[in-house]
Amino acid sequence: MNQKVLIIIPAYNEAEGIRRVIADVRHHIPYADILVVNDGSSDLTGDEAAKEGVLVVNLSCNLGIGGAVQTGYKYAQRHGYQYAAQLDGDGQHNPRDFDRLLGELQQSRTDMVVGSRFMEKQGFQSTFARRIGIDLLSGLLTLLLRRKVTDPTSGYRICGPRAIALFAQEYPADYPEVEALVQLDNCGCTFSEVPVVMRQRLTGSSSIRALGSVYYMVKVILSVLITRTKKKEKKWDLGYEN
């Protein structure tokens with residue numbers, strides 16, 4: 001299979017587990033190129049990834065998840081990839097599900113497909129407190145976009161050419177997953193969800209701590225509402241029309 005698929009793995013201080021994540025991706029998606037975006041890690045994440053012979057971009061400072069992922073989309077666009085998928089560097093996203101996402105993208109002709117852990121409710125379902133926040137964001141997006149959104153915080157997603165071009169130009173900086181769905185809809189692009197089975201992270205801990213959860217929810221909700229006010233009247237094609 002040669003479809004010019006790029007797997008983007010944003011990673012911050014994932015030296016302990018990054019080689020296992022790469023090996024897992026390589027086993028289940030052997031036809032894809034793998035790009036690890038080392039987001040200014042203070043450990044040996046970049047060196048460990050390089051030992052696996054994959055593409056590695058070492059950012060000179062920590063940009064956060066949004067900057068790291070956008071770096072991947074810029075690389076995908078610049079090198080003409082037809083599809084670009086994001087898989088987290090902590091091992092939560094199971095590459096075994098990847099063909100399901102790719103198949104949905106090709107058959108549905110949407111611009112992006114999101115892996116949802118809540119459609120069939122299998123595997124790791126997140127903590128109770130975090131699930132409350134996800135449900136709130138799911139309800140907000142379902143209301144704003146007038147369609148059911150089950151897992152707005154999932155970072156397991158694959159993009160086609162239009163979404164790659166859009167996100168290469170503009171992508172939310174902090175906690176971008178939710179806002180990116182609104183951004184996509186604003187520009188007349190489409191997305192769908194397919195069920196996936198997520199796992200607990202291999203090593204380390206989430207960047208969103210207990211006290212940070214409140215800040216996260218406030219920031220994301222405000223960002224979503226502000227982004228929604230920027231909805232474009234004309235559909236976005238090969239570039240922004242206004």
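## Close-up views of a predicted model

**View 1. Asp88 and its partners.** Setting aside neighbours within four places in sequence, Asp88 is in contact with Ile9, Pro10, Val21 and His93. Please keep in mind as you look around that this is a predicted model. To find Asp88, go to the loop between β4 (83-86) and α4 (98-108). Is Asp88 buried or exposed? Its relative accessible area is 18%, and buried means under 20%, so Asp88 counts as buried. Now pick out Val21, one of the contacts of Asp88. Along the chain Val21 and Asp88 are 67 residues apart, and in space 8.8 Å separates their C-alpha atoms.

**View 2. Helix α4 and what covers it.** Follow the chain on to α4, where the buried residues are Phe98, Leu101, Leu102, Gly103 and Leu105. Which strands help to cover these buried residues? The cover includes β1, β4, β5, β6 (157-159) and β7 (191-195). Just after α4 you meet Arg109, which takes a positive phi of about 60 degrees.

**View 3. The largest nonpolar core.** Here is a general idea to carry with you: in soluble globular proteins, nonpolar side chains tend to be buried together. In this model the largest nonpolar core has 37 residues, and Tyr73, Met112, Leu141, Phe167 and Leu184 have the most contacts inside it. At least two core residues come from each of the strands β1 (5-11), β2 (33-38) and β5 (112-116), and from each of the helices α3 (65-78), α5 (128-145), α6 (161-169), α7 (176-186) and α8 (210-228). Apart from this core lies another, of 28 residues, with Val25, Tyr31, Val54 and Val194 among them.

**View 4. Around Tyr73.** What does Tyr73 touch, once its neighbours within four places in sequence are left aside? Tyr73 is in contact with Ile8, Ala84, Gln86, Cys159, Ile164, Phe167, Ala168 and Tyr171. Phe167 is worth a second look, as it is listed with Tyr73 among the residues with the most contacts inside the largest core.

**View 5. The largest cavity.** Rolling a probe the size of a water molecule over the atoms shows where empty space is left. How many cavities of 30 Å³ or more are counted here? The count comes to one, and the largest cavity holds about 40 Å³ of space. Its lining is made up of Asp174, Tyr175, Val178, Glu179, Lys219, Val220 and Ser223. By class, three of these lining residues are nonpolar, one is polar and three are charged. Helices α7 and α8 each supply at least two residues of the lining, and the largest share, three residues, comes from α8.

Technical notes:
Residues are numbered from 1 along each chain as its sequence is written. This is a predicted model: local features need pLDDT of at least 70, side-chain atom pairs count only at pLDDT 80 or more; totals for chains, interfaces and linings use all residues. Side-chain values use heavy atoms; hydrogens and water are left out. A nonpolar core is a set of buried Ala, Val, Leu, Ile, Met, Phe, Trp, Tyr and Cys residues joined through side-chain atoms within 4.5 Å. Buried means under 20% relative accessible area, exposed over 50%, partly exposed in between (1.4 Å probe, protein chains only). Helices (H or I, at least four residues) and strands (E, at least two) are DSSP runs, numbered from the N terminus. Contact means heavy atoms within 4.5 Å. On a 1 Å grid over the protein atoms alone, a cavity is a set of points where a 1.4 Å probe fits but cannot get out, and a pocket is an open set with protein on both sides within 12 Å along at least five of seven lines; lining residues have an atom within 4 Å of a point. Grid points are joined across faces, edges and corners, and a volume is the space filled by probe spheres set on the points. Ala, Val, Leu, Ile, Met, Phe, Trp, Tyr, Cys and Pro count as nonpolar, Asp, Glu, Lys and Arg as charged, and the others, Gly among them, as polar.
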